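Take a moment with the sequence and the structure before reading on. The paragraphs below move from strands to helices, one region at a time.

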Amino acid sequence: MKYNFSPIPEPFKIKQSIKQDNFLVDGKLHQWEGEFSPVYSTISSEENYKPTLLGEIPSLGKDQAIQALDSACQAFDNGKGLWPTMKVVDRIKALENFVEEMKGKRDAVVNLLMWEIGKNHNDSKKEFDRTVDYIYDTIEAYKQIDRDSAKFQKNSGINAHIRRGPLGVVLCLGPYNYPLNETFCLLIPALIMGNTVIFKPAKHGVLLISPLMEAFQKHFPPGVVNILFGRGRVLATPIMESGKINVLALIGHSSSANALQESHPKKNRLRLVLGLEAKNPAIIMPDADLDLTIKECINGSLSFNGQRCTALKIIYVHEDIKESFISRFSQEVDKLKYGNPWDQNVNLTPLPEPNKPDYIKKLIIDAQSKGAKIMNNNGGISCENYVFPAVLYPVTKDMDVYKDEQFGPVVPIISFSDINKPLEDMAESNYGQQVSVFGKNTSTLGPLIDTLVNLVCRVNINSSCQRGPDIYPFTGRKDSAFSTLSVHDALRSFSIRTFVASKDNDVNNKIIKDLLGSNDSNFVSTDYIL
Ligand code: G3H
């Protein structure tokens, strides 16, 4: 496969490289005078393949990490800070002002999403818009939580005013495949609940935060949001070692999550909000509607080149239909169009990690050496920034592609005659996020669903796996997740129930009444946000 050069259309050209020369700590954009790291795109702007230099980011070190930590701790101020004690309506106002300004940066962020991670134009626009919607939905969900708690309860002679309070200082680390959406799905609920945050953008998808730096600075009090650039290990390790982090919010790999937890000296202080790997299977029953199944499996396994935690990463097909499924699925894979993210109707786009094509090739070679075949004509054909998806069959447990979360364009297939085969594999797996089941017979599907819901956290019937809609719970078992995310659940994950209690007597009741009338406390308040 030759590198498929097409001239960059005018609106998407990177006119000049972006020098991200500051970082946000204590409400100030600090000019960085030290070392910088280049940011390259694997998309070439020239006919002879060459990665494109997009810009550079500061290589911050331990000192800046600790500076950010001190700033976040000071802004939280052991619960006394302006932000954690602020009226809910005022925190909401800050978020609303932020998102208004963010909307004006859509084109810049969308263009960088395409260049930095190779996401196609439509999906890049979707990622931006979905994030904006998520912020508005979060605001509405928080208003509802606040309304529900704008009241007193009385039980066994004790009056109680119960609300949700912040947890403290949050370290927030997002993934490269959804560098805006998934990062903000952690950041925004953490902030709105009154926590203060240190945030380091993902390795790929980092410059797209540049257009938003001023909005973060302008709309939040000093120290509430701190943004660092550099290597995760250099920055996150000393922050965790301080023991001052209350929540580790990370979407990424369990090895990073484990290492960071290990470096925290006060384990019970640390709450975890983690979205990690998955190896979601498709299980195709003999009576499955093949047209529908193939369409969903293509989308499920190969949208954004399979670089989604929810992607279908292994397909189990029943022996009775394996031949027709594999041959038709392989033909459809070969029809997928590879190109740059802005090309019309493009399905497959450059892989943002420079070492990914080699890794995918190694998975294919390893599988072939152990008996698998590439079932589609174009499978495994490669160029500098891509490997055409390979459909591999028969895949066995000793192959790396069976064990690894491939997170890229390769589709392993296993056939089965006994449904216990995929069920046992799922039970044995370290992962437990979602599954897709294809079939029609309810007397087979019914009991299967009853087992699958106990192995994963979402069973998709005749549909590929996905996170959305964001209103639904997104979580996983085992090494796939810790805590639940959804618009509503994320607000719970970043907060804790805390309350004011008083024995029911004249003195206490007068105090409560006076507090409610005086506005002296932002917590003890029955104000109703409309
Ligand atoms: O990478 C994991 C994402 O949460 C997947 O989200 O199913 O909307 O692509 P998605």
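What follows is a guided walk through this predicted model.

Start with the sheet of seven strands. This sheet is open, and its pairing is mixed. Read across it and the order is β15-β18-β19-β14-β13-β21-β22. Two strands stand at the edges: β15, residues 373-374, and β22, residues 458-461. Each has a single partner strand, so one side of each is left without a neighbour in the sheet.

Now look at β13, residues 280-284. Strands of a sheet pair through backbone hydrogen bonds, either parallel or antiparallel. Which way do β13 and β21 run? They run parallel, joined by three bridges. The partner β21 covers residues 434-438. Here alanine 282 stands opposite serine 436 of β21. β13 also pairs with β14. Five bridges join these two, and they too run parallel. In this pair, isoleucine 284 stands opposite valine 317 of β14.

Is β13 enclosed or open to the outside? Five of its five residues are buried, so the strand is largely enclosed by the rest of the structure. The burial covers both faces. In a regular strand the side chains alternate between the two faces of the sheet. On one side of β13 sit Asn280, Ala282 and Ile284. On the other sit Pro281 and Ile283.

Next comes helix α10, residues 290-302. This helix lies across β13, β14, β19 and β21. In sequence, β14 spans 312-318 and β19 spans 410-416. α10 runs at about 155° to β14. Together, β13, α10 and β14 make a right-handed β-α-β unit.

α10 has a helix partner as well. It packs with α11, residues 322-335, at an angle of about 50°. Their axes are 10 Å apart. That angle makes α10 oblique to α11. The crossing of α10 past α11 is right-handed. From α10, the contact uses Leu290, Asp291, Thr293, Ile294, Cys297, Ile298, Ser301 and Leu302. From α11, it uses Ser324, Phe325, Arg328, Phe329, Glu332 and Val333.

Move to another sheet, this one with three strands. It is open, with mixed pairing, and its order is β1-β5-β4. The edge strands are β1, residues 18-19, and β4, residues 36-44; each pairs on one side only. How do β4 and β5 run, parallel or antiparallel? They run antiparallel, and seven bridges join them. β5 covers residues 51-58. Valine 39 stands opposite glycine 55 of β5. Helix α4, residues 106-117, packs on this sheet and touches β1, β4 and β5. The direction of α4 makes about 85° with that of β4.

Two further helix pairs deserve a look. The first is α3, residues 88-103, with α6, residues 181-192. They pack at an angle of about 150°, with their axes 9 Å apart. Angles over 145 degrees count as roughly antiparallel. α3 and α6 are therefore roughly antiparallel to each other. Arg91, Ile92, Leu95, Phe98 and Met102 of α3 make the contact with Phe184, Ile188, Leu191 and Ile192 of α6.

The other pair is α1, residues 62-76, with α8, residues 232-241. Here the angle is about 50°, and the axes lie 8 Å apart. α1 and α8 are therefore oblique to each other. α1 passes α8 in a right-handed crossing. In α1, the residues involved are Lys62, Ala65, Ile66 and Leu69. They meet Val234, Leu235, Pro238 and Ile239 in α8.

Finish with a single residue, valine 487. Its place is in helix α16, residues 487-493. Why does valine 487 count as buried? Its relative accessibility is 2%, and buried means under 20%. Setting aside residues up to four places away in sequence, valine 487 touches Tyr134, Asp137, Thr138, Ala141, Asp470 and Ile471. Isoleucine 162 makes a useful reference point: valine 487 is 325 residues from it in sequence and 21 Å from it in space, C-alpha to C-alpha.

Notes:
Residues are numbered from 1 along each chain as its sequence is written. This is a predicted model: local features need pLDDT of at least 70, side-chain atom pairs count only at pLDDT 80 or more; totals for chains, interfaces and linings use all residues. Side-chain values use heavy atoms; hydrogens and water are left out. Two strands pair if DSSP finds at least two bridges between them. Helices (H or I, at least four residues) and strands (E, at least two) are DSSP runs, numbered from the N terminus. Contact means heavy atoms within 4.5 Å. Axes are lines fitted to C-alpha atoms, for helices over the stretch in contact, and angles run from 0 to 180 degrees between N-to-C directions. Buried means under 20% relative accessible area, exposed over 50%, partly exposed in between (1.4 Å probe, protein chains only). A crossover is right-handed if, with the strands pointing away from the viewer, the path from the first strand over the helix to the second runs clockwise. Angles under 35 degrees count as roughly parallel, over 145 as roughly antiparallel, 65 to 115 as roughly perpendicular and the rest as oblique. A crossing is left-handed if the near helix is turned anticlockwise from the far one by less than a right angle, and right-handed if clockwise.
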